[in-house]
Amino acid sequence: MTKPLRFLLFYADTGGGHRATAQALAQGLKHRYGDAVDPVLFDGLRKYAPYPVSHLDDMYPWMSGMSKTWGRGWTQLNEPQRVQRFMKLWWPFVRTAAIRMAKEPCDAIINVQPLYTFPVLWAMDRIGMRKPFVTMVSDLIVVHALWCDPTTDRFLVPTEVSRVHALDNYIPPDKIQIVGLPIRLLFMAPPEPKPIARQRLGLKDKFTVLLMGGGQGLGRVYETAEAIGRSGLNVQLIVVAGRNKKLKEQLDAAHWPIDLKPYGFTQDIPALMDASDVLITKAGPTTICEAFTRSLPIIISGYIPSQENENADYVINNRAGVLAEDPELIVATLREWLHQPAVLVLFSQNSARLAHPRAAIDAAEAAYEVATTHPIVYRAPQGEPMLARLDRFFGN
Ligand code: UDP
């Protein structure tokens, strides 16, 4: 039997989305190619990056925390030349780690977190071992310049708008492929009828609102839950706190006149979406794409500035939902939708039109094609001859 093709999927837990994309892609590869592939999720930042970069995942909630400063920094950096300059300054700090990542045994790399792109590609040049490298953009609309090294072998994007952004960042057109945003394969199956999904979850069979804040439970989730809980609306409320332990504790202690079901981090998002009539969420790309497959009308309750506002625009411009940041406005929107079911149906149909349930399979096929047509190329190490010699001496 031939050895399975080993794919390393570079991700980090900065938000829940990168891991979700990597897991979906790994599932897609296994589903499509079975024992012929061996996809492995690899958090290179945690394993090899120097402190504090290794702990970016811990810092991400308060760094991004929907703050304007984070948004400004993110936007300032979003320009190809500026990213090049930034990466050159950054390089000495992450060089050794990037070389270790590049040397991890595998037949191909799939990158779903933008911080890896330049360092890992540069590291492969430095050591003279160029592995097939696929970039999978795990954002819905914005393609930050950090993703965009034109030497990548394939550049997979979720939407037509993101394809245009990739072109603006000098990715060669023949390398770009629109595949949708990979989401769990469970979302490929049609949704379970709501009464059955509700019964399985121990919920009542009535209008159900699902409230989420991404993998980290970010944003004004508690305030929104409280506003709905005290609104007198005839709904039941599911709230997913994700990894936000404090939020989960607050929700567990809440006593509002409503049927409330709080969750911490759960693997049951597909079932929770099946059971729901409406989703309230920050504009996280993966959550939004998952909701499209369940035809869920979406109330966007917030977004990480610069990173997620265009996701919000995408939902709103396609009339798959509305933006309502203030908890009272969210309640008012729910009240309106409850009284005008026809409006809800329209939003639901528009949401379904944006669904791309096969994205994980399409992305897997693209990655597999790259891995089987681009052999690993060995050549003389490029640049930094002194450092390269030192690396060899110290066995790096
Ligand atoms: N998620 C999950 N369980 C939870 C909370 C979130 O599986 O308890 C998943 C959610 O379904 C989605 C991902 O985490 O797949 C969140 O990604 P998104 O891009 O929406 O937001 P991020 O967390 O990256 O800001």
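Me: What makes strand S8 and strand S9 a pair?

Reply: Two strands pair if DSSP finds at least two bridges between them. Here 5 bridges join S8 (residues 208-212) to S9 (residues 236-240), so the pair qualifies. The two run parallel, and Leu211 sits opposite Val239 in S9. Strands themselves are DSSP runs (E, at least two residues), as are helices (H or I, at least four), numbered from the N terminus. Keep in mind that this is a predicted model: local features need pLDDT of at least 70 and side-chain atom pairs count only at 80 or more, while totals for chains, interfaces and linings use all residues. Residue numbers start from 1 along each chain as its sequence is written.

Me: How do you know which strands are at the edges of the sheet with S8 and S9 in it?

Reply: Read off the order, S10-S9-S8-S11-S12-S13, an open sheet of 6 strands with parallel pairing. S10 (259-263) and S13 (321-323) each have a single partner strand, so one side of each has no neighbour in the sheet. From one strand to the next the twist averages 20 degrees.

Me: And what makes S2 and S7 edge strands?

Reply: Another open sheet of 6 strands, also with parallel pairing, goes S2-S1-S3-S5-S6-S7. S2 (37-42) and S7 (176-178) have a single partner strand each, so one side of each is left free of a sheet neighbour. Ignoring direction, neighbouring strands here are turned by 20 degrees against each other on average. Inside this sheet, S3 (residues 108-111) and S5 (residues 133-136) pair in the parallel sense over 3 bridges, with Asn111 having Thr135 of S5 as its bridge partner. Helix H6 (residues 117-127) lies across S1 (5-10), S3 and S5, at about 160 degrees to S3.

Me: Why are H1 and H16 called roughly perpendicular?

Reply: Check the angle. Axes are lines fitted to C-alpha atoms, for helices over the stretch in contact, and angles between N-to-C directions run from 0 to 180 degrees. Under 35 degrees is roughly parallel, over 145 roughly antiparallel, 65 to 115 roughly perpendicular, and the rest oblique. H1 (residues 17-33) and H16 (residues 359-373) pack at about 75 degrees, axes 8 Å apart, so "roughly perpendicular" it is.

Me: How do you know which residues of H1 and H16 meet?

Reply: Contact means that C-beta atoms, placed from the backbone, lie within 7 Å. On that basis, residues including Ala24, Leu25 and Tyr33 in H1 meet residues including Ala360, Ile361 and Tyr368 in H16. The residues of this contact divide into 10 nonpolar, 3 polar and 2 charged.

Me: What makes up the contact between domain 1 and domain 2?

Reply: The bounds, from an automatic or database assignment, are 5-183 + 357-393 for domain 1 and 186-353 for domain 2. Their C-alpha centres lie 30 Å apart, and each domain gives 23 residues to the contact. On the domain 1 side, H1, H3 (56-64) and H4 (68-77) are the elements giving two or more residues, and H4 has the largest share, 5 residues.

Me: Why is the protein, with its 17 helices and 14 strands, called as compact as a globular protein of its length?

Reply: Its radius of gyration is 22 Å, close to the 21 Å that the globule rule gives for 396 residues, so the description fits. The radius is taken over C-alpha atoms, and the rule is 2.2 Å times the number of residues to the power 0.38. The C-alpha trace spans about 70 × 45 × 35 Å along its principal axes.

Technical notes:
Two residues are in contact if their C-beta atoms, placed from the backbone, lie within 7 Å. Ala, Val, Leu, Ile, Met, Phe, Trp, Tyr, Cys and Pro count as nonpolar, Asp, Glu, Lys and Arg as charged, and the others, Gly among them, as polar.
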